[in-house]
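Let's take a walk through this one together. Have the picture open as you read, and follow along at your own pace.

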There are 2 protein chains.
Amino acid sequence: MAKTRRRGTELAEAILRAAADELAEAGYPGLTMERVAQRAGTNKNAIYRRWPNRAALGVAAYRHLAADTLEPPDTGNLREDALALLRAINCGQTSPAARVLRGLLTGVGDEPELREQLHQQAAEGGTKPWLAIVERAVARGEARPGARHPRVATVALVLLRNEFLTRGLTTVDDAVLVELVDEVYLPLVGA
Amino acid sequence: MAKTRRRGTELAEAILRAAADELAEAGYPGLTMERVAQRAGTNKNAIYRRWPNRAALGVAAYRHLAADTLEPPDTGNLREDALALLRAINCGQTSPAARVLRGLLTGVGDEPELREQLHQQAAEGGTKPWLAIVERAVARGEARPGARHPRVATVALVLLRNEFLTRGLTTVDDAVLVELVDEVYLPLVGA
DNA sequence: TCATTAAGGTACGGTCCGTACCGTACCGTA
DNA sequence: TACGGTACGGTACGGACCGTACCTTAATGA
């Protein structure tokens, strides 16, 4: 109340924080312009002056939410590295992100620019650690050189994402992760 | 107008047909109760007496839309079989289904019963032909016996679906299909 | 000091979901 | 053939939400 009126960047970031919080709590379907405005202590005008519509705000807020990129593990063993990555994605703070991403992928609709941003965010952040652990596995002779192909290196990630998307779960049973690694990933990338 | 008033099953199927048509034309976001009612020549009451909400109607209509299960090809060669399946999914009448499925997967929300139905529909229809072509490949000595594991056999399908879901495309470039098969699928299932 | 810029407040049109209410056609039964 | 139950048709409405318009008010800087 007594606070001075915020302007420019300060207000924009308050809006983004509020939107990211709403995304985490209620997912994209629950991301309401009114609620974001209220939570940020402002009104819808301030939002619409910065983002053209709800989808754009959602994508921008998702960037805040999923900013943390995973640190690739280094256990000295490809199987354990892969399991560690999958478990980090599965149980870590990334799990609400799955639901959010799922909502965004449809809510964005047919706006190619926003979709491209989302794809960058989802792909880039997820691909890098897999390339890292595969690179080390190749150096140890645990994986074939062809496994450095991004499509190959990230197969386990894609399969896990498929579980999230089609089953709508926010957490997958650990036995599934083991199965993905032992039945698919290791046979595929192994030397 | 002069037509006699429809009842029971006849009306229900008219509604489902109308809903499936709307799904195919406008996707799940465009599936409006008012439009379905109008297209079926009835009103919203008749719909809500049969399905509790829009999501349930969408899932039911999707069943009509994706009823056709793919006939597994038999070219005598695993690579060509896999490519044929992927191309059928990519270019066939299944391509609007991808957008619809994407919409449904989020629109259903957190109702586990509906989601389970969707998962059945999406998994069962897609898995069978892959198991068939792998079975023949194993018999020819083209694939290892472990490739009959459903998770292994359907890897190419999952990867393609991932392209649909994350990129939001209704059609994927054919080169991507070839890459999926040559870089991932054949190295994984090959003897 | 004063004009300009950006924020706050509020109200509104439009769309859609889901519900309620009532009149009316169809159906089996006596 | 008369009758009562059931299901359909029509319409109206409340509520939620998006996006826009318009005006007032505070901050900024020249």
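What follows looks at one helix pair and then at the protein surfaces near the DNA. Keep in mind that this is a predicted model.

Let's begin in chain B, with helix 1 (residues 8–26) and helix 4 (residues 54–65). The two pack with their axes 8 Å apart, at an angle of about 85°. Angles of 65 to 115 degrees count as roughly perpendicular, so that's how helix 1 of chain B sits relative to helix 4 of chain B. Who does the touching? From helix 1 of chain B it's Leu16(B), Ala19(B), Ala20(B), Leu23(B) and Ala24(B), while helix 4 of chain B brings Leu57(B), Gly58(B), Ala60(B), Ala61(B), Tyr62(B), His64(B) and Leu65(B). Sort this contact by class and you get 10 nonpolar residues, two polar ones and no charged ones.

Now over to the DNA. Around strand C there are 22 residues, and the nearest are Thr42(A), Ala46(A), Met33(B), Asn53(B) and Arg54(B). The elements giving two or more residues to this surface are helix 1 (8–26) and helix 3 (44–48) from chain A, plus helix 2 (33–39) and helix 3 (44–48) from chain B. By class, the surface near strand C has 10 charged, eight polar and four nonpolar residues.

And DNA strand D? Here 22 residues lie around the strand, with Thr4(A), Met33(A), Asn53(A), Arg54(A) and Thr42(B) coming nearest. At least two residues each come from helix 2 (33–39) and helix 3 of chain A, and from helix 1 and helix 3 of chain B. The surface near strand D splits into four nonpolar, eight polar and 10 charged residues.

Methods: Residues numbered from 1 in each chain as written. Chains lettered and ligands numbered in written order. Predicted model: local features only at pLDDT ≥ 70, side-chain atom pairs only at ≥ 80, totals over all residues. Axes fitted to C-alpha atoms, helices over the stretch in contact; angles between N-to-C directions. Helix = DSSP H or I, 4+ residues; strand = E, 2+ residues; numbered from the N terminus. Parallel < 35°, antiparallel > 145°, perpendicular 65-115°, else oblique. Contact = placed C-beta atoms within 7 Å. Nonpolar A, V, L, I, M, F, W, Y, C, P; charged D, E, K, R; others polar. Near = placed C-beta within 6 Å.
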